[in-house]
Amino acid sequence: MGLSVKNLQLKYGKKEIFHDLSFDVNEGEIVALFGPSGVGKTSLLKMIAGIQPAEKEAIVFTDNFSQANTVLVFQDFWLFPHMNVVENIAFGLKAHKFSKDEIVRKTANILEVFDLLGLEQHFPDQLSGGQKQRVALARALVLEPKLLLLDEPFANLDDQLTRSMRTYLQRLQETYRFSIILVTHDRDEAFHLADRMVILLDGTIQQIGKPQEIYFYPSNRRVAETIGETNFIPGIITDRCFKTDEFDLSVQNPTQLAGEGLLFIPYGMEMQVSDSGIPAFIESCEWIPNGQQVKVRIGKTSCTFTNLTEKVIAGETVFLKPVDWLQVMKQ
Ligand SMILES: Nc1ncnc2c1ncn2[C@@H]1O[C@H](COP(=O)(O)OP(=O)(O)OP(=O)(O)O)[C@@H](O)[C@H]1O
């Protein structure tokens with residue numbers, strides 16, 4: 001392991017932001033902290049970094065992790081405007097009292113790793129967004145942290161730059177095997193980068209799991225809605241059977257619901273176009289880069305699917321069979 005957060009609380013004055021947060025971060029793991037604005041993600045990173053107080057024993061470093069080798073990179077980079085690129089990168093090394101020779105060697109090395117050669121004498125206001133971000137990451141990684149805390153690292157970059165920076169970060173992480181806690185609003189970013197996601201909602205952790213687990217099997221309706229791309233079909237649950245006027249289906253019923261409930265089908269669930277199953281009237285088909293986005297009506301409910309096994313045509317009625325188990329939820 002590396003970091004354990006145990007029953008962590010946060011209040012500002014009388015206002016409780018979160019309570020009882022517990023999760024672990026393992027060596028070499030990328031954990032995405034995902035939740036809406038104001039849920040306390042930045043405060044949590046600051047507590048882990050030790051720049052905001054936390055209760056004793058609530059943040060525990062193990063193995064060779066420690067607060068001293070944890071580095072936080074803020075959303076807006078916080079580069080020192082009066083220092084050039086080299087001075088910004090060397091700042092932390094000087095503060096940690098590395099020798100002059102070591103500072104020169106480490107700085108030269110990281111400039112190369114981050115593709116910053118030629119920009120050494122530039123000041124932050126002479127750099128593009130992507131370059132500033134690379135300097136901010138270089139300044140953090142030159143300290144060789146075991147744990148890197150990233151607060152919305154790509155929020156100020158355009159889509160193309162974000163994609164290339166994500167790949168860049170992944171490559172570095174694979175090479176140096178540090179752990180990352182990544183705070184993000186961006187679901188796709190979390191899906192793309194994280195080994196596990198921590199879903200923070202309404203002052204508590206709602207679910208911890210691999211991105212695919214959370215996408216296909218969210219623990220409740222709030223998580224499903226926060227992740228997005230959700231179809232909910234109302235019906236009646238009896239044991240492991242879900243029934244509507246149009247179809248019935250064997251389902252997963254992890255919380256043993258009974259009576260009125262919802263069948264949850266994420267847009268990306270693989271649905272086989274078949275000669276029996278859920279009857280679906282095809283309302284429209286749209287081309288999307290990953291295939292076809294199909295809008296259908298199932299009973300009275302409009303649904304969207306992006307992973308049908310066959311092409312379909314608007315106006316026809318087909319039958320759909322989920323390739324995997326579907327899950328029911330409370331209304
Ligand atoms: N020093 C402070 N004093 C009082 N309230 C604060 C302080 N810092 C943050 N807050 C409040 O605590 C809540 C959580 O803030 P925080 O920045 O940690 O959330 P967040 O999830 O990171 O939000 P965002 O995604 O918008 O950055 C917010 O309502 C914020 O206004």
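Me: Hi! Which domains is the chain divided into?
Reply: Hello! This is a predicted model, and its chain is divided into domain 1, residues 3–213, and domain 2, residues 229–329.

Me: What distance separates the centres of domain 1 and domain 2?
Reply: Taken over C-alpha atoms, the two centres are 39 Å apart. The C-alpha trace of the whole chain spans about 75 × 45 × 35 Å along its principal axes.

Me: And how many helices and strands does the chain have?
Reply: There are 8 helices and 19 strands. As for burial, 48% of the 331 residues in the chain are buried.

Me: What does UniProt list for residues 3–227?
Reply: The unreviewed UniProt entry gives "domain: ABC transporter" for that stretch. In the model, residues 3–227 are 38% helix and 25% strand, with 26 Å between the end C-alpha atoms.

Me: Let's go to the ligand. Which residues are around the ligand?
Reply: The shell consists of Tyr12, Lys15, Ile17, Pro36, Ser37, Gly38, Val39, Gly40, Lys41, Thr42, Ser43 and His185. By class that gives 4 nonpolar, 6 polar and 2 charged residues.

Me: Which helix and which strand each supply at least two residues of that shell?
Reply: Those are strand S2, residues 15–25, and helix H1, residues 41–49. H1 gives the largest share, with 3 residues.

Me: Nice. Which ligand atom is 2.9 Å from lysine 41?
Reply: An oxygen atom of the ligand, and its partner is a polar backbone atom of lysine 41. With threonine 42 the contact goes through the side chain instead: a polar atom there lies 2.8 Å from a ligand oxygen. Tyrosine 12 also takes part, with an N or O atom of its side chain 3.3 Å from a ligand nitrogen.

Me: How much of the ligand does the protein bury?
Reply: The protein buries 58% of the 630 Å² that the ligand exposes when taken alone.

Me: Back to H1 for a second. Is H1 mostly covered or mostly open?
Reply: Mostly covered, with 7 of its 9 residues buried. The buried ones are Lys41, Ser43, Leu44, Leu45, Met47, Ile48 and Ala49. Right after the helix comes glycine 50, which has a positive phi near 85°.

Me: His185 was in that ligand shell too. Where does histidine 185 lie?
Reply: Histidine 185 is in the loop between strand S7 (179–184) and helix H6 (187–193).

Me: Why does histidine 185 count as partly exposed?
Reply: Because its relative accessible area is 44%, and partly exposed covers the range between 20% and 50%.

Me: What is the C-alpha separation between histidine 185 and glutamate 152?
Reply: Their C-alpha atoms are 7.5 Å apart, while along the chain the two residues are separated by 33 positions. Glutamate 152 sits in a loop as well, the one between strand S6 (147–151) and helix H5 (159–176).

Me: Is glutamate 152 buried or exposed?
Reply: Glutamate 152 is buried, because its relative accessible area of 10% is under the 20% cut-off.

Me: And what is its phi?
Reply: Phi of glutamate 152 is near 45°, which is positive in a residue other than glycine. Most residues other than glycine have a negative phi. Aspartate 202 also has a positive phi, near 50°, and that residue lies in the loop between strands S8 (196–201) and S9 (204–209).

Me: Changing topic: what does the side chain of asparagine 231 reach?
Reply: The asparagine 231 side chain reaches the backbone oxygen of threonine 304, at 2.7 Å. Asparagine 231 is part of strand S10, residues 230–238.

Me: Why does asparagine 231 count as buried?
Reply: Its relative accessibility is 3%, so it falls under the 20% limit for a buried residue.

Me: Last one: which strand holds valine 73?
Reply: Valine 73 lies in strand S5, residues 70–73. Valine 73 is buried, with a relative accessible area of 8%. Between valine 73 and methionine 197 the C-alpha distance is 19 Å, and the pair is 124 residues apart in sequence.

Conventions. Residues are numbered from 1 along each chain as its sequence is written. This is a predicted model: local features need pLDDT of at least 70, side-chain atom pairs count only at pLDDT 80 or more; totals for chains, interfaces and linings use all residues. Side-chain values use heavy atoms; hydrogens and water are left out. Domain bounds come from an automatic or database domain assignment. UniProt positions are given in the numbering used here, feature names are shortened, and annotations may be inferred rather than shown by experiment. Helices (H or I, at least four residues) and strands (E, at least two) are DSSP runs, numbered from the N terminus. A residue is near a molecule or strand if one of its heavy atoms lies within 4 Å of it. A polar contact is a pair of N or O atoms within 3.5 Å; within protein, one must be able to donate a hydrogen and the other to accept it, and residues adjacent in sequence count only if both atoms are side-chain atoms. Accessible areas come from the Shrake-Rupley method with a 1.4 Å probe; for residues, only the protein chains shown count as cover. Ala, Val, Leu, Ile, Met, Phe, Trp, Tyr, Cys and Pro count as nonpolar, Asp, Glu, Lys and Arg as charged, and the others, Gly among them, as polar. Buried means under 20% relative accessible area, exposed over 50%, partly exposed in between (1.4 Å probe, protein chains only).
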